Amino acid sequence: MGLIDGIKRQLRSVIEWKDPPANVLFQRWTDNGDEIKNASKLIVGPGQGVIFVYEGKTQAVITEPGMTDIATANIPFITTIKKFMQAFQSEHKVGIYFFRTSEILNQGWGTPGPVKYVDPQYKFPVGLKAFGNFSFRITDGGAFFINVMGQKDEFTVEELRQAVVSRLVQPLTDHLAEAKFGYNDIDSNRNEIAEALKAKVSPVLTTLGFELKDFRVEQTDFDDDTKRRVNRVADVQAEAEAAKTAGLDFAEMQRLSAMRDAAKNEGIAGAGVGMGVGMLDPIRQMRATSSDPYSRGRSFVSHYAIKEWNVLPVTS
């Protein structure tokens, strides 16, 4: 009975990747010693491919959906393997790997840390974080098996996603340095950044056996240090613009700001007022001798601002 059962096991087998896990990209088929049997049927489903590996070398790649009768198929590799079979037994093992050929959608990516470069507008280092998604598909199963899969029996979608992300940071850094996008220009140029990144990364990934599809930059953000520096600059620029609108120069506005801060400091308000009035003397003198037609307007603005800040009014 044992011999008959053994022969029956060798007479027929169906080789197929049935209901593969959603997170698996590449997987070795295993059944009854991994031998190809007489009258075996190979079924390749839609969106699938299969690789035959013999003694560590890729011998055949099939990506067309359908059923193949291995016993009669005109595949040189199969013919070679069958020559080693004796009495339905073979000491020569063959690896059969199924993989997905359909496009894998909506894979998220993000820089593992801020990408550092010098902002062309502010002239100081900034740290940019970027996030997005992409799709991909295996285009060369043999190259993927050799360059990525290696000796593993299974390769997941997440493993390939990480492989793509790890290759993004350096091209992103290079492109930002070349493009010289300022802090305020990043969001409006996300599509351009995405296209440039895809162009830089795709040739490398193609040699590994898969194609990058639909690469997008969905969001960008700067690190906290960058935001603090930019906010300081923005505050100073806003104060300078306010001074210009009020008819004051920036130095005058700074003096008024110093008096306001001194007046709010409990315990030294009187001293602050005295000091503030003294500080305004140069301004009064400047306006008394100035032929600037806006001098009277400046005096009014100064008087109003000082009154609002609870400092003794000054008459022009």
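Tutor: Let's start with one residue in this predicted model. Apart from neighbours within four places in sequence, Val217 is in contact with Trp109, Phe131, Gly132, Arg190, Ile193 and Ala194.

Student: Where does Val217 sit, and is Val217 buried or exposed?

Tutor: Val217 belongs to strand β12, residues 210-222. A residue counts as buried when its relative accessible area is under 20%. Val217 has 8% relative accessibility, so it is buried. You can also look at backbone distances: 9.2 Å separates the C-alpha atoms of Val217 and Glu195, which are 22 residues apart along the chain.

Student: Can we zoom out? How many helices and strands are there?

Tutor: The protein has 10 helices and 12 strands. It has 316 residues, and 39% of them count as buried. For contacts with a separation of 6 or more, 72% are between residues 24 or more positions apart. As for the surface, about 17,800 Å² is exposed, with carbon and sulfur atoms supplying 52% of it.

Student: What should I look for in the interior?

Tutor: Here's the general idea: in soluble globular proteins, nonpolar side chains tend to be buried together. In this model the largest nonpolar core has 44 residues, and the ones touching the most other members are Leu25, Phe26, Leu176, Phe210 and Phe215. Strand β10 gives the largest share of this core, six residues. There is also a second, separate core of 12 residues, with Ile15, Trp17, Val24 and Ile96 among them.

Student: Which residues is Phe26 in contact with?

Tutor: Setting aside neighbours within four places in sequence, the contacts of Phe26 include Ile51, Tyr97, Phe98, Phe99, Ile138, Phe144, Phe145 and Met149. The list also has Asp153 and Glu154 on it.

Student: Now strands. Which way do the side chains of β9 point?

Tutor: Follow the strand and check each side chain in turn. In β9, residues 115-118, Val115 and Tyr117 point to one face and are buried, while Lys116 and Val118 point to the other and are not. Strand β9 runs antiparallel to β10, residues 125-138, and four bridges join the two. Val118 has Pro125 of β10 as its bridge partner. The hairpin has six residues between the strands, and Lys123 takes a positive phi near 65° there.

Student: How many residues of β4 are buried?

Tutor: Seven of the seven residues of β4, residues 48-54, are buried, so the strand is largely enclosed by the rest of the structure. Gln48, Val50, Phe52 and Tyr54 point one way, Gly49, Ile51 and Val53 the other, and all are buried. Strand β4 pairs with β5, residues 57-62, in the antiparallel sense over five bridges. Across that pairing, Tyr54 stands opposite Lys57.

Student: How do I read a helix such as α7?

Tutor: Check its span, then its faces. Helix α7, residues 224-245, has 22 residues and reaches 31 Å from first C-alpha to last, close to the 32 Å expected at 1.5 Å a residue. Thr226, Val230 and Ala243 are buried in α7. Seen down the axis, the buried residues of α7 fall within an arc of 150°, so they line one face of the helix. The face turned away from that buried side carries the exposed residues Asp224 and Arg232. After α7 comes Gly247, with a positive phi near 85°.

Student: Which residues have a positive phi although they are not glycines?

Tutor: Asn106 is one of them, with a phi of about 50°, and Lys180 is another, at about 60°. Asn106 is in strand β8, residues 104-110, whereas Lys180 lies in the loop between α5 and α6. For the exposed label, the cut-off is over 50% relative accessible area. Asn106 is exposed at 59%, and Lys180 counts as exposed at 56%.

Student: Let me try two more. Where is Thr156, and what is Thr156 in contact with?

Tutor: Thr156 is in strand β11, residues 154-156. Beyond neighbours within four places in sequence, Thr156 is in contact with Asn23, Val24 and Leu25. At 16% relative accessibility, Thr156 counts as buried.

Student: And is Ile146 buried or exposed?

Tutor: Ile146, found in helix α3, is exposed, with a relative accessible area of 59%. Its C-alpha atom is 9.6 Å from that of Gly56, and Ile146 and Gly56 are 90 residues apart along the chain.

How values were computed
Residues numbered from 1 in each chain as written. Predicted model: local features only at pLDDT ≥ 70, side-chain atom pairs only at ≥ 80, totals over all residues. Heavy atoms only, no water. Buried < 20%, exposed > 50% of the residue type's maximum accessible area, 1.4 Å probe, protein only. Contact = heavy atoms within 4.5 Å. Areas by Shrake-Rupley, 256 points an atom, 1.4 Å probe, with all protein chains shown as cover. Pairing = 2+ DSSP bridges. Core = buried A, V, L, I, M, F, W, Y, C linked by side-chain atoms within 4.5 Å. Expected span 1.5 Å × (residues − 1). Arc of directions from axis to C-beta.
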